[in-house]
Amino acid sequence: MNQARRLGERVSAMIDALAIISADEERLTRLYLTSEHKRAANLVGEWMRRAGLVVRMDAVGTMHGLLASAASGPLAAKRLLIGSHIDTVVDAGKYDGNLGVVVGIVAVEEMRARGISLPFEIEVLAFGDEEGVRYPKTLISSSTIAGIVEPNILELTDKEGMTLRHALAEFGGDPEHLYTEAYDRAETLGYLEVHIEQGPVLDQANEALGVVTAIASQGRYHVHVRGEAGHAGTVPMAIRHDALAGAAEAMLMIEEVGRGGTKFSLVATVGEVRVSPGAGNVIPGSVDFSLDVRAATDEARAEAVAEIRRRIRQIGLARGLVIGVETMLEKPVSVCASRLTRAIAAAIGRVEGHPPRELMSGAGHDGQAMLRLTDIGMIFVRCRAGISHSPLESVTVEDMGLAVEALVETIVELAGGKE
Ligand code: GLV
Ligand code: MN
Ligand code: MN
């Protein structure tokens, strides 16, 4: 069996073991600080231990696996961080996030098996919240390490009204130490992440791996539409203030704005809608929906959001509705460090035999938070037809093996190029 195949088989078995840890039997759903997150974290901790790492869980549930350096040089106490996330969206694919964690662990195993000794420490991180599905914030785990968690975050509530503080305490985390987990910039050498592309570029180009140059500018918003509930059979159409009809008009307008910004890779998405009171014979009195806007530049995103806000006001005025747009988060473009993209490109070049394609990530990643602590670099892995956030996500065994090899080569490159 060739080496990529052997490594890929190992990664694939671990991905499958994680994929059955879910809230539902029929589909993969693993939200932050749930019992299934805990089981996945324990399994990852076990793998880290077997790979020879010193394992701990931090205050917000992130698993850390540390490989000390046997060297005594100037870098011996500095740490190269490698990570991704083990939370998922609802009805998820099994590779988003999980692949990066598993590839990190297998890369360490492989380096130890090859007797590679490094002049610096390596720490593999399994973050618990990248998706931001349970609480209305993303990247809580990586933001904690980066020292940028916002004040009052512990009072955020999920849909059941459970505070983050309570969920953390139940999970076995330590809400009181959330703000003391931040890493020291001076002791950190950089952050590397392997992730599926979640887009079609590599698949269409028939290339297994790519190097990421930047992560798109992203904003998440909640839109609140307030109208007037009433009897579906008695209130004449002309005097209605139907919140859902207004929301529907706003959603089509949002799609139109998104379609108008192809030059800046602008995308605008409504992914979640709540209608109240939600009965077939009642005119909807209020609607709340999500809005996600991303673009290649901060300016393009800001302009699109300003246009959406302006046109939403017009829709509200024309229909006698009160519509508010609440900002949940805004993250600027995150640029990968050239010293890391150079090392990744050289590594992929050795593994694949040609220089890799450069890609911008439309998806959000933990690197957006880690960039506030240290330089970031990312390796993208081809996924079939670019499908992600779906159970149809698919990555070949061979590509997973190549990803491990590319990560090992990147680390060796950063260590000075000598195995
Ligand atoms: C996370 O996957 C995101 O891009 O929203
Ligand atoms: Mn992800
Ligand atoms: Mn995701």
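User: Before the manganese site, what makes an atom a donor here?

Analyst: Donors are N, O and S atoms within 2.8 Å of the metal (3.2 Å for Na, K and Ca), and water is not among the atoms, so sites may look incomplete. Keep in mind that this is a predicted model, where local features need pLDDT of at least 70, side-chain atom pairs count only at pLDDT 80 or more, and totals for chains, interfaces and linings use all residues. Residues are numbered from 1 along each chain as its sequence is written, chains are lettered from A and ligands numbered from 1 in the order in which they are written, and side-chain values use heavy atoms, with hydrogens and water left out.

User: OK, so which residues coordinate the manganese ion (ligand 2), and what makes them donors?

Analyst: His85 (NE2), Asp96 (OD) and His195 (NE2) do, at 2.1 to 2.3 Å. Those distances fall within 2.8 Å, so the atoms pass as donors. Along the sequence, their spacing reads H-x10-D-x98-H.

User: What does aspartate 96 bridge?

Analyst: Aspartate 96 bridges the manganese ion (ligand 2) and the manganese ion (ligand 3), which sit 3.5 Å apart. Aspartate 96 is in the loop between strand 3 (79-85) and helix 3 (98-113), while histidine 195 is in strand 5, 99 residues apart. Helices (H or I, at least four residues) and strands (E, at least two) are DSSP runs, numbered from the N terminus.

User: Why is aspartate 96 called buried?

Analyst: Buried means under 20% relative accessible area, exposed over 50%, and partly exposed in between (1.4 Å probe, protein chains only). Aspartate 96 has 5%, so buried fits. Histidine 195, at 1%, is buried too.

User: How do you know that glutamate 46 and arginine 49 form a salt bridge?

Analyst: A salt bridge needs a side-chain nitrogen of Lys or Arg within 4 Å of a carboxyl oxygen of Asp or Glu. This pair has N to O at 3.4 Å, so it qualifies. The two are 3 residues apart in helix 2 (residues 35-50), about one helical turn. By this rule the count comes to 29 salt bridges.

User: Why is glutamate 176 called exposed, and what is its salt-bridge partner?

Analyst: Glutamate 176 has 56% relative accessibility, over the 50% mark, so it's exposed. Its partner is arginine 165, 3.1 Å away N to O. Arginine 165 lies in helix 5 (residues 164-171) and glutamate 176 in the loop between helix 5 and strand 5 (188-196), so the pair ties together parts 11 residues apart in sequence. Arginine 165 itself is partly exposed at 31%.
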